[in-house]
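Here is a short report on helix packing and ligand contacts. Keep the structure open while you read.

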Amino acid sequence: MKKISKVLIVLMALVMFTACGSSKGSNSTVKIGVAIYKYDDNFMTVYRNKLAELFKAKNTDTVTYELTFQDGKGDQAEQTNQIQAFITQGVDLIIANLVDPTASPVIINAAKSADIPVVFINREPPEADLNIWAGKTTYVGADARQSGTFQGEIIADLPNHGDVMIVGDPANVDAQYRTEYSIKALTDKGYKVNKLLEQRGDWDQTKGQEIAAAALAQFGNKVEVIFSNNDGMALGALQAINSSGRTVGKDIYLVGVDALDEVVTLVNSGKMTGTVLNDAAGQAAKAIEVAQQLLDGKDVESHYIVDYVKVVKQ
Ligand code: GAL
């Protein structure tokens with residue numbers, strides 16, 4: 001049986017966003033409130049910009065999509081107020097990237113009483129909550145188990161293996177699943193994985209750097225692979241790896257998730273081992289397609305899932 005000597009798991013935390021929308025009402029204006037859990041998040045910034053770009057492209061001579069974005073700043077109470085304001089302003093539809101997905105019943109009940117459909121993105125509300133107003137509330141996202149599996153497979157497919165550090169976030173299903181399934185992909189292939197450390201970094205580059213630096217200082221050469229639950233934290237880990245005198249691809253491996261442009265460039269130049277495309281464009285396009293069905297008065301499914309894609313050096 002192949003084995004990996006040690007595994008270091010660092011669990012980094014998650015973050016959230018809020019965006020909102022509101023606007024004026026002319027017959028030709030569709031008002032959409034977009035609540036983003038936190039603007040200060042690399043991936044959700046890409047996603048937010050995609051939503052704005054793709055909605056703009058839908059404008060015609062007769063219909064204008066008027067978006068109002070709000071930054072929840074990682075504070076659910078503030079985001080709930082922002083969404084309540086959308087409702088008061090009479091938006092036609094809400095797109096919600098909740099700070100705390102367990103707050104969804106409050107949001108759904110308020111939206112339902114005002115007959116405003118809700119498309120949840122990125123952070124998945126519990127299925128039971130979507131059932132509060134089935135047909136008019138939905139989740140558009142990705143299956144984080146797939147991204148974790150792809151991370152593990154990227155490492156398993158390499159000729160040499162070592163210790164693994166996982167960077168994730170226990171409070172977020174993406175982090176939980178990426179952590180669990182990246183390891184599972186290795187153990188499914190017969191590798192023995194030894195976790196050295198788990199620590200949350202809230203999807204944040206600075207925290208990723210700090211966690212990886214501390215782990216490298218504590219465990220030294222025992223750390224042979226770092227799994228980061230996202231690219232933001234992986235970029236921080238890369239800074240720590242470089243500062244410690246280690247070299248990715250030579251004596252340590254590093255994988256993330258999201259496929260930020262900057263990280264794809266690093267992967268293609270061999271400075272990062274791999275990442276997994278978290279398809280912001282595909283998810284935004286699907287969210288808009290489903291939003292349009294709701295705006296047209298149709299009922300929609302409870303879940304729409306967009307695939308991840310493995311990214312390794314071309
Ligand atoms: C994940 C993404 C992270 C972060 C998080 C926010 O899907 O990989 O980078 O944006 O969502 O909820």
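The text below covers the ligand site, then three helix pairs.

This is a predicted model, in which local features need pLDDT of at least 70, side-chain atom pairs count only at pLDDT 80 or more, and totals for chains, interfaces and linings use all residues. Residues are numbered from 1 along each chain as its sequence is written, and side-chain values use heavy atoms, with hydrogens and water left out.

**Ligand site**

The ligand is surrounded by 12 residues. The closest are Asn-122, Arg-123, Asp-174, Arg-178 and Asp-258. Here a residue is near if one of its heavy atoms lies within 4 Å of the molecule. The table gives polar contacts, meaning pairs of N or O atoms within 3.5 Å. Each row pairs a ligand oxygen with a side-chain N or O atom.

| Side chain | Distance to a ligand oxygen atom |
|---|---|
| Asp-174 | 2.7 Å |
| Asn-230 | 2.8 Å |
| Asn-278 | 3.1 Å |

**Helix 5 and helix 6**

Helices are DSSP runs (H or I, at least four residues), numbered from the N terminus. Axes are lines fitted to C-alpha atoms over the stretch in contact, and angles run from 0 to 180 degrees between N-to-C directions.

Helix 5 (residues 144-156) and helix 6 (residues 173-188) cross at roughly 35°, and their axes come within 7 Å. The crossing is right-handed (the near helix is turned clockwise from the far one by less than a right angle; anticlockwise is left-handed). Contact means heavy atoms within 4.5 Å. On the helix 6 side, the contact includes Asp-174 and Arg-178. Both are also among the residues closest to the ligand. The contact divides into 8 nonpolar, 6 polar and 4 charged residues. Nonpolar covers Ala, Val, Leu, Ile, Met, Phe, Trp, Tyr, Cys and Pro; charged covers Asp, Glu, Lys and Arg; the others, Gly among them, are polar.

**Helix 8 and its two partners**

Helix 7 (residues 205-219) packs on helix 8 (residues 231-243) at about 40°, with axes 7 Å apart. That makes helix 7 oblique to helix 8 (not under 35 degrees, over 145, or 65 to 115). Their crossing is right-handed. Among the residues that meet are Gly-208 and Ala-212 in helix 7, and Gly-236 and Ala-240 in helix 8. This contact has 8 nonpolar, 6 polar and no charged residues.

Helix 9 (residues 261-268) is the other partner. Its axis and that of helix 8 come within 10 Å and cross at roughly 50°. The two are therefore oblique to each other. This crossing is left-handed. Asp-231, Leu-235 and Leu-238 in helix 8 meet Glu-262, Val-263 and Leu-266 in helix 9. By class, that gives 4 nonpolar, no polar and 2 charged residues. Leu-235 also meets helix 7.

Note on methods
A polar contact is a pair of N or O atoms within 3.5 Å; within protein, one must be able to donate a hydrogen and the other to accept it, and residues adjacent in sequence count only if both atoms are side-chain atoms.
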